[in-house]
Every structure is written in C-alpha cells, then in structure tokens.
Amino acid sequence: MDLGQTGGAVHTNGHGDPAAAARAAAHSHNGDPSGNGAAPSAPNPLGELLGLPGRLSRLAAGAVARRIPPADLDERDPDYIRESLPGLWLLASIYFRGEVRGMGNVPEEGPVLLVGNHSGGNVTPDTSVFTLAFSSYFGVERVFHQLAHNLVVSMPGLSFLRKYGTVAASHENAKKALRSGAAVLVYPGGDYEVHRPIWERNRIDFSGRKGFLRLALEEKVPIVPVVAIGGQETAIFLSRGEALAKLLRLDRMFRLKVLPISLALPWGLNVGDMAGHLPLPAKITIEVLPAIDLEEEFGPDPDIDDVYDHLLRTMQDTLDALAAERRWPVLG
Amino acid sequence: MRVAGSIEIGAPIETIWAQVSDPGRYLHFMAGVTRWEVEGDQRTGLGARYRMLMRVRSAEIGGLIEVVESCAPTDLAWTSVLGIDQRGRWRLRARGETRTQVEFRLAYGVAGSGIPGWIAERLAAGTVQDNIRHSLQQLKRQVEHEQLRSAAAERRSLRAGSST
C-alpha cells in the first residue's frame, strides 16, 4: 500500500465541514494544532510575482479541502484488506525484505495511538510493511486506521487507501477513530520528516509537532512507538525544498511545507515527488516498542515538552541501534 | 496450497498424541510458531480454539483456529475461524508397539486474493515446508529424549530397589 506522506499527527482542518475545512486549510501553515509551529507567514511578494496571488492560493486551498473526504470510518473494508494481504506480503517479504519486531508490544485490545517515524518520500514502504504486520498479527477484524496527509486522501487514484482505514489527519478524525476503539497510526513528522535528506535518514524529526501527545492524553490512550529504518534509502533524497515551497505558497494552498528534490527511479531528478517514484528495494526493519501509558509514567498533568523529549529520545535510541545493525545501505 | 511432512518416531502412539494434543507444548517444538494460545475455556478436544501465528518471512501469519476432529490417538484436525484460511492435521499411525509414523499437513491460502495470492502461497511454501520439517524433527528429538530419560529413570529405580 502506498500511503504517501502522512500528516503530522493532528491537524485542525478535517472536521467534515468543507467550508470550515477550506478556511482552516487556507490559514493552516504547519498543520499542528499544538501551536508549536511557525507563526502565520508574512505576505509573499515573490509568490505573487510568480502568479500565485493570495486569492488564487485561497481558491486552490479551498479546492483541495473540498476534495478531502469527510472521515467515514465505515469505509474501512476488512474483506478488501484480507484479500490484499498476499499482495502486501509479496511486496513486504520479497521486495523490501521486511522485518517487524515486537508486535506483541501493541496492547491486545482497545484504542491505541501508534506513533511512527516516517520515511520514503511519497512512496512509504514502512507503512505497507507495518500494515501487513498489524493486519496479519491481529487479524483484519481489529480496526486499524492510519492518518494521512490531506493530499493523499484527496488524490485521484488513491481512494483505495480508505478501504485500508486511511483517513485525513485531523484532531477530530483521530479522536473519532480512537473513540471507536481503533488502533490509530500517526506519523507526527508527516511531510516534513518523510522528505528529509538522505544524510539525515537515521534521524527522527517530528519538527516539534506535539499535538499527538495532547490527543493521547485527552483520550487516555497508550502510545506505542514504532521505529522504522530503510525507507529513506529507497531514493536519494537531496532536499526538502522548504524555501521553494514557501516561495510557491504551497504551504498555504496544500498545507505542504516542502517541495522535495530527490534522485529517484524512473525520473532521475525528481522535484515534488507528486507522481511518486519507483522505490529502491531497501530492506525495511521495524521495531515496535513497549506501550507508554502517559498518565501512569508522567503523572496526570505531564509537561508535554518532557514527554515529547522522552519519546523522541527513546525512538532515536532504537533507530540508532537499528542503524548499527545495518551493514550496507539498501541491502540492509 | 498444501504442504506436508512425515517422520517416524521411536515412541508409542499415545506418547506422541500427548504432545500434539497439548496446546501448551506447541511453542516448544513447532518451528516458526510464535503464538499458540488457548482461546476460551476449552483447552483440548473437539471445539477447542487457539490463536496461532507462524512467522513466514516478513509477517506473522495465522489467526483463530478451531479443532474440528479429535480422534485420540490418531487424528487431530483444525480449520481457521479468523485469519488466513487454513486446515491442519496431525495423522499418527502406530508401527508396532514402540514406533509411530507422524504426518503433519497444512493447507493454507486467502480466498479471493487472485494472482498475488497464488504467487504468495507458492513463495511461502518453502518457508512453511521448512518449518514443518524442523517441527517434526524437534518433536522426534523431544519425544525420543524423553523416552530415553524415562527409561533411564526406570532402570535407576529398579537398581535402587534390587540393592535394598
């Protein structure tokens, strides 16, 4: 399954009201409701010179927002997932030589927030490998949703992802899924992390997004860190292209903070990665860490920054250990 | 896809049956099996349910199974209730009083998965076949070692009895 870039944990513009969503998308700059992100951007004269004035930006943002389907958790189709498991198994086992450890750390039942680092550009093999592992370990009967970037769920041709339980990343959608008792996979780093340059491939970077922690505290659900390695070796990622994205006002229009530049098959130089790419067959290893009950571990009113630092440190330590195991890039 | 394996074990059929009908022993001799847990109140016999998983390359595959045939001490069969479609069978046949022919069969697949399913079943067969072969070898080793240990213990107790 190609999930593309999944969004930063919890965004505020997906509450099923297209008008409100359009307004939110037009005014959202980093998609993080925690308020930890950048301040609203200043007027961009260069962007306007390039023919993308503010009004056009708002229209484009509205158009994308209108395409974002409201989260209908019922679109998840267990039979479809079950029938596609052999295909996923082929992809994960033969092409990516996937290895998932510690699935037993996911609580046997009840809602849980799975928090992962994200890699692979717009083609994210770690998500495919983990979806297979989760669905085969717990069975397709256990409800599992993945939060994805608005562009992923609204992209023509990717509607099949909704059958896997993929919904637009928003605080409301995540709440709704958790309250229904589902396991929810979130990539707080989202588009920022997934396009990091290849020399930062073994670095976890959530870009300071902490909304997912507030969500876990509000909903009183455990967090299960999911650390993956290998995805960032499926192409040669050169730059996030943040300045370019800002120049073209992509952050305003599509909630995209990046316009990634990479060397990837079959394009060669790949700017934007909008059409995806053919990933190199890098070995994907995923380690699921023990569940963290935030209240139990940090008290009833924890300092979000402390929890964030602890979680990031734990995940980074695991990623460092996984990196130390790897002998060769791509081959693993 | 169906895979099978068989082996002759130097032990009475009842001894082998005690092993294969006890869900608590599966993790000790079944290669690749990462989980074999009793689900519900019934531990053994017809209708007993287990949650089992076997690692096949990048995934742990299995699901909830239910015993549909329990004919001591010769046949034990199950089918899947949840998870991938599967049907497994232990088939034990006595070869004299002290030897037993043990056969294990496993048929698996995912209905409706089309060509990818067909390919995946065949590619997984090698791993599953290896797991079955190793499982039978481990079962043989465990049972025969247990036979030797109990025979030695019997001899010791006989010697101790005759010396007193």
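## An enclosed helix, its salt bridges and chain B

Helix H9 of chain A, residues 211–219, is largely enclosed by the rest of the structure, because seven of its nine residues are buried. This is a predicted model.

**Helix H9 of chain A**

Which residues of H9(A) are buried? They are A:Gly211, A:Phe212, A:Leu213, A:Leu215, A:Ala216, A:Leu217 and A:Glu219. These buried residues pack against several elements of chain A. Three of those elements are strands: S2 (112–116), S5 (183–186) and S6 (223–229). The others are helix H7 (171–179), helix H12 (294–298) and helix H13 (304–325). Just past the end of H9(A) comes A:Lys220, with a positive phi of about 55 degrees.

**A charged pair on H9**

One of the buried residues of H9(A) is A:Glu219. What does A:Glu219 pair with? A salt bridge joins A:Glu219 to A:Arg179, with the closest N and O atoms 2.9 Å apart. A:Arg179 lies in helix H7 and A:Glu219 in helix H9 of chain A, so the pair ties together parts that are 40 residues apart in sequence. Helix H7 is also among the elements that the buried residues of H9(A) pack against.

Are the two partners buried or exposed? A:Arg179 is exposed, with a relative accessible area of 59%. A:Glu219 is buried, with a relative accessible area of 15%.

**Further salt bridges**

Side chains of opposite charge can pair when their charged atoms come close. Over all chains, the structure holds 34 salt bridges. Three in chain A are set out here.

| Salt bridge | Closest N and O atoms |
|---|---|
| A:Arg179 and A:Glu219 | 2.9 Å |
| A:Glu99 and A:Lys283 | 3.3 Å |
| A:Glu200 and A:Arg240 | 3.8 Å |

Take A:Glu200 and A:Arg240, which form a salt bridge. A:Glu200 sits in the loop between helix H8 (190–194) and H9 of chain A, and A:Arg240 in the loop between strand S7 (236–239) and helix H10 (242–247), so the pair ties together parts that are 40 residues apart in sequence. A:Arg240 counts as buried, at 8% relative accessibility.

Now the salt bridge of A:Glu99 with A:Lys283. A:Glu99 lies in strand S1 (residues 99–101) of chain A, and A:Lys283 in the loop between strand S9 (268–271) and strand S10 (285–288), so this pair ties together parts that are 184 residues apart in sequence. A:Glu99 is partly exposed, with a relative accessible area of 26%. A:Lys283 has a relative accessible area of 19% and is buried, because the cut-off for buried is under 20%.

Which residues join A:Glu99 and A:Lys283 in one network of salt bridges? They are A:Arg101, A:Glu287 and A:Glu325, linked through shared partners.

**Chain B**

Chain B has three helices and seven strands. Along the sequence, their pattern is β-α-α-β-β-β-β-β-β-α. The C-alpha trace of chain B spans about 70 × 35 × 30 Å along its principal axes.

How much of chain B is buried? Of its 164 residues, 41% are buried. Take the contacts in chain B between residues at least 6 apart in sequence: 48% of them join residues at least 24 apart.

The exposed area of chain B is about 8200 Å². Carbon and sulfur atoms supply 52% of that area. Chain B carries 23 positive and 18 negative side chains. The centres of these two sets lie 5 Å apart.

Key: Residues are numbered from 1 along each chain as its sequence is written. Chains are lettered from A and ligands numbered from 1 in the order in which they are written. This is a predicted model: local features need pLDDT of at least 70, side-chain atom pairs count only at pLDDT 80 or more; totals for chains, interfaces and linings use all residues. Side-chain values use heavy atoms; hydrogens and water are left out. Helices (H or I, at least four residues) and strands (E, at least two) are DSSP runs, numbered from the N terminus. Buried means under 20% relative accessible area, exposed over 50%, partly exposed in between (1.4 Å probe, protein chains only). Contact means heavy atoms within 4.5 Å. Accessible areas come from the Shrake-Rupley method with a 1.4 Å probe; for residues, only the protein chains shown count as cover. Lys and Arg count as positive and Asp and Glu as negative; His and the chain ends are not counted. The place of a charge is taken as NZ of Lys, CZ of Arg, CG of Asp or CD of Glu. A salt bridge is a side-chain nitrogen of Lys or Arg within 4 Å of a carboxyl oxygen of Asp or Glu.
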